[in-house]
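Biologist: Could you take me through this protein model step by step, keeping in mind that I am new to reading structures?

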Amino acid sequence: MFKRIALVLAVAVMIFSARARLWSQDAAPTKDAASTKQEEAPTTSVAPASVEISPATIDAHVGEKIKFSAVAKDAAGNPIDEKPSTWFAAPFDLAGADESGEVTFHAPGVVTVGAVIAGKSGYATVNVGNPKIATLEIEPLAYPIVAGSSEKLSVTARIADGKPRTDAAIKWTSEKPGTATVDAAGLVTGVSPGSVTIKATSDAVSSKVTLQVVRDAVRKLAVKPASAEARTGDVVHFSASTLDASGANLKDPGIRWSLSSSGSGAAVYPDGAFVAEKAGTYVVIASSGQHSAAASVVVHPRNVEREMEVVSHIPMPDLQMSEEWIIGHHAYLSTVADKLFVYDIADPANPKLLDSLKVDARLINDISTTPDEKIGVFTREGASNRKNGIVFLDTSDPAHLKVLSEYTATVTGGVHSAYIDGHYVYITDDATGSLRVIDFQDAKHPREVARWQTENPTVVSINTEHGSMTSGRYLHDLQVKDGLAYLAYWRDGLIILDVGNGMSGGSPENPKLVSQYHFNHYELYGDGWLAGTHSVFRYKNYLFVGDEVFPAIFEIENKDRIPVRAICHVMDVSDIKHPREVAQYEVPEGGSHNFWAANDMLYEGYYSGGARILDISGELRGDLYRQGREIARFWTGDAKGFRPNLPFTWGGQPCSVTCDSDLLNSLIYFNDIHSGLWITKLGKPKFEGSASSPAVRTSERTVH
């Protein structure tokens, strides 16, 4: 990915893999700036003044292949007899170009197709349209509709690969308007008791759901609690009880929840759960048929903010830092270069360099050890000999790192991320976008024991000047916990595999699919962005799933600020086979990257948003940023950093792996690409009494 053309493609090497400029299967040998300039120098006596790509502008569809041609011209407009040395397409996750100029389109959006001839670049623009709707999924109601009341149906439109399309135009119809009607928004109104089928249609695809309309048997309705106190971000659960004319409780009466007109800054969900973003007084209303009842909630500011203190700083003035691994008294640090370092942090105020290691790589992304710190593993990309893969270290004496072995046989194209679980390490293969499982029980002779990958119709193998590669599939990151592997599969979303849990008969050597959750990154971020599912971390019944979003094209060597975006999605995985998104965390000025959850806090590197610590205690719903759940934030910019005074925080980690003292356990480590490692700790609360949470007070009130 470092090998330069006229511009740098995709997400830049410091963030992603060394897939070369076209994330090719066998990354080309690294060249220094001088040799690169020599390679890109015109080979003819006449330097091209322009390169024209044909067609220059065209519309395309997902899955389509289009052949482009390129012509170099001199200052007078005369053609030069020179062929393209490189074809490319950006963003790389939307399209892939082979060495002949044939481009395959994988996802909707604006794609830039380019060619380089004798050091001069030319570009074409392709507008890739949204695929047609393949399926419609109507969420069934859990209860009947009461005659005279209304319920809104929810429908999810999906394209062929499973991604949702929220922009799809849905037409609703009722097959029995005398029983229930439905409007253009999917709001069903019960007219008379009976069964009715409601139909949703989009792009000639339809789906039906059968609903029951019942008479209004409710005579009394009460809401509990009738009043409550909470903080912003706290989820308060309301319930409604209903009685019929005889005083008997009604089963599944069908309750619709809403807020009074004064309810801005808060939300109430179909199950009666309430959460507020702003302090204030809110009125929650439960309705069934012609009856309703109300409850009040007094919401106080969350006030969880605390100061953050810097204990020490390990700068890297001549390098860009990538990953960190904090274990016991040691900090292992990798770089966007060919070096890794290990520091003694037993005295966190005075870190001491113990050892360093130089390897053949342009990016050492991931570094970690076994829990006993006897064996380390780091990933390698951009090696000059094209043998990337992973390297096993003897870390039993961190002051004297020793290479035990390398594994490159099936992953020469590069490995971005790795996760150790037992005597297996789960790794991402840059070349094919697949998961590989490596058994290192014999660390001197590791062997691949499993491979798993997503399949979709737009994935293709294309030829480049460096050989064949897979285009349209990319696995970025993963975590393994309790026999389940959580995979951040870029445009394929979240994948959960059974690798020993037993629920699907899987094992480390035979992974089995448990579930998949699709995001539509094009809808989330729009044109001009390289975007996908980037990172995962399981904590309690939640899975934190982070996107990564960069400009499709930018200059990696430019010292200016690189714009970034990205959301951290919060998934409830209580039902592991049906993950559902319940909350989001998005910092407006930054972009989510790596994170770690522990102690009811999420420690996150938010790129240009700096270091962040988020309160994730209790139940999570809604917009966590707006709810005031941020505990602390820290600006990791440094005047002597790679980009001066601009933070680019990669991730955060508490010392939660075999830290044997209260001092170490209180520390938080943030690694910044531009400025190195920051060792911090939380200071005093900014608000007096902020550690306490108001008790929920309950009283009853009934409305007839």
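The conversation below turns to the cores, a sheet and the cavities of this predicted model.

Biologist: Which strand gives the most residues to the largest nonpolar core?

Modeller: The largest nonpolar core holds 47 residues, and Phe-378, Phe-544 and Ile-613 touch the most other members. Looking at strands rather than at single residues, the one that gives the most to this core, with 4 residues, is strand E52, residues 595–598.

Biologist: How many residues are in the second, separate core?

Modeller: This core includes Ile-66, Ala-70, Ala-89 and Phe-105. Counted in full, the second core has 24 residues.

Biologist: In the open sheet of 3 strands, which residue of E26 is the bridge partner of Val-236?

Modeller: The order of the strands is E22-E26-E25, with antiparallel pairing, and strands E22 (236–237) and E25 (266–268) are the edges, each pairing on one side only. Strands of a sheet pair through backbone hydrogen bonds, either parallel or antiparallel. E22 and strand E26, residues 273–276, pair in the antiparallel sense over 2 bridges. The partner of Val-236 in E26 is Phe-274.

Biologist: How many of the residues that line the largest cavity are charged?

Modeller: The whole structure has 6 cavities of 30 Å³ or more, and the largest has a volume of about 140 Å³. Of the 16 residues that line the largest cavity, the closest to its centre are Asp-93, His-106, Gly-472, Arg-473 and Arg-491. When the lining is divided by residue type, 6 are nonpolar and 4 are polar, while the number of charged residues is 6.

Notes: Residues numbered from 1 in each chain as written. Predicted model: local features only at pLDDT ≥ 70, side-chain atom pairs only at ≥ 80, totals over all residues. Heavy atoms only, no water. Core = buried A, V, L, I, M, F, W, Y, C linked by side-chain atoms within 4.5 Å. Buried < 20%, exposed > 50% of the residue type's maximum accessible area, 1.4 Å probe, protein only. Pairing = 2+ DSSP bridges. 1 Å grid on protein atoms, 1.4 Å probe; cavity = no way out; pocket = protein on both sides within 12 Å on 5 of 7 lines; lining within 4 Å. Points joined across faces, edges and corners; volume = space filled by probe spheres on them. Nonpolar A, V, L, I, M, F, W, Y, C, P; charged D, E, K, R; others polar.
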